[in-house]
Amino acid sequence: LYYVETRDFGASWTAADGTPLRPPLEDVAGPALVREYRKEGLLVYLKDLRFDEGRPVVLFLTSKGYEAGPANGPRTWRTARWTGEAWEVRDVTTSDHNYDHGSLYVEGGRWRMIGTTDPGPQPHGTGGDVVLWESGDRGASWTRVRTLTKGGALNHSYPRRPLNAHPGFYALWADGDALNPSGSSLYFANRDGDVWRL
């Protein structure tokens with residue numbers, strides 16, 4: 001997992017600590033490295049990027065392999081937060097597919113994550129059931145607040161955080177059969193986790 005940033009639309013690049021970088025990056029252990037998961041035998045799947053008091057917070061998932069199914073589980077959701085001095089990597093929860101997805105909401109010291117972390121009706125398929133998670137200590141611990149979807153015939157997938165949206169339109173996603181062609185509906189939720197189908 002690597003992190004680089006630009007403040008001048010790509011004219012120059014730095015690591016989180018301000019170290020200047022010049023793409024393409026060729027040093028595996030260079031200053032852009034957040035954590036070397038290859039040595040741990042894990043793949044990284046990025047989910048979201050937010051900023052907490054101007055410092056980056058990356059939401060991502062790790063797994064043992066690219067193939068679907070229980071053999072490469074668990075898929076562990078994690079956050080990596082730049083403290084100003086070091087990267088702080090912490091676990092959120094687990095799910096059952098590499099392409100399970102979620103969005104991170106940074107609201108002062110309170111973080112929220114809406115993601116497809118429950119298996120749903122097609123276990124080990126993309127998506128599942130949507131769950132709202134919350135942390136009051138910048139990711140040190142997480143509480144499951146509410147299950148937003150449950151008991152349907154289709155997996156829900158790719159909940160997204162609308163940009164600058166009203167609290168009544170807090171997340172947007174779709175459903176579908178993870179293993180076969182199917183119809184699909186769009187859903188949205190408010191900040192409390194109430195869900196509507198469009």
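Where is the place of N164? In this predicted model, N164 is found in the loop between β11 and β12 (171-176), and the close-up views below begin with that residue before moving on to other parts of the chain.

**View 1. N164 and Y158, two residues with a positive phi.** N164 has a positive phi of about 55°, although it is not a glycine. Its relative accessible area is 75%, and because exposed means over 50%, N164 counts as exposed. Y158 is likewise not a glycine and has a positive phi of about 55°, but Y158 belongs to a strand, β11, which covers residues 155-160. With a relative accessible area of 34%, Y158 is described as partly exposed.

**View 2. The largest pocket and its lining.** N164 appears again here, since it is among the residues that lie nearest the centre of the largest pocket, together with Y105, P162, A165 and Y170. The lining is made up of 13 residues, and the space in this pocket comes to about 160 Å³. Sorted by class, seven of the lining residues are nonpolar, two are polar and four are charged.

**View 3. Strand β4 between its two partners.** On one side of the pairing pattern, strand β3 (residues 43-52) is joined to β4 by nine bridges, and these two strands run antiparallel. A reader who wishes to follow the pairing residue by residue may start at Y45, which stands opposite L61 in β4. The hairpin formed by β3 and β4 has two residues between the strands, and in this hairpin E53 takes a positive phi near 55°. Strand β4 is also joined to β5 (residues 75-82), in this case by six bridges, and again the strands run antiparallel. Within that pairing, L59 has T79 of β5 as its bridge partner, while V58 stands opposite A80. Eight of the nine residues of β4 are buried, so this strand is largely enclosed by the rest of the structure.

**View 4. Strand β5 and the hairpin it forms with β6.** Which residues point one way from β5, and which point the other way? R75, W77, T79 and R81 point one way, T76, R78, A80 and W82 point the other way, and all of them are buried. Because eight of the eight residues of β5 are buried, the strand is largely enclosed by the rest of the structure. Eight bridges join β5 to strand β6 (residues 87-95), and the two run antiparallel; in this pairing R78 stands opposite D91. The hairpin of β5 and β6 has four residues between the strands, and G84, which sits in the turn, has a positive phi of about 110°.

**View 5. Two separate nonpolar cores.** In soluble globular proteins, nonpolar side chains tend to be buried together. The largest nonpolar core in this model has 13 residues, and those with the most contacts inside it are W77, L104, W111, M113 and W142. Two or more residues come from each of the elements β4 (55-63), β7 (102-107), β8 and β9 (129-135), and β4 gives the most, with three residues. A second core, separate from this one, has 11 residues and includes Y3, Y37, W82 and W87.

**View 6. D118 and its surroundings.** Is D118 buried or exposed? D118 is buried, because its relative accessible area is 19% and buried means under 20%. This residue lies in strand β8, which covers residues 110-118. When neighbours within four places in sequence are left aside, D118 is in contact with G127, G128, D129, V131, R144 and T147. D118 and T94 are 24 residues apart in sequence, and in space they are 8.5 Å apart, C-alpha to C-alpha.

**View 7. Two cis peptide bonds in loops.** One cis peptide bond joins P23 and P24, with omega about 0°, and P24 lies in the loop between β2 (20-21) and β3. Another cis peptide bond joins G73 and P74, with omega about -5°. P74 has its place in the loop between β4 and β5, the two antiparallel strands that are joined by six bridges.

Methods
Residues numbered from 1 in each chain as written. Predicted model: local features only at pLDDT ≥ 70, side-chain atom pairs only at ≥ 80, totals over all residues. Heavy atoms only, no water. 1 Å grid on protein atoms, 1.4 Å probe; cavity = no way out; pocket = protein on both sides within 12 Å on 5 of 7 lines; lining within 4 Å. Points joined across faces, edges and corners; volume = space filled by probe spheres on them. Nonpolar A, V, L, I, M, F, W, Y, C, P; charged D, E, K, R; others polar. Buried < 20%, exposed > 50% of the residue type's maximum accessible area, 1.4 Å probe, protein only. Contact = heavy atoms within 4.5 Å. Core = buried A, V, L, I, M, F, W, Y, C linked by side-chain atoms within 4.5 Å. Pairing = 2+ DSSP bridges.
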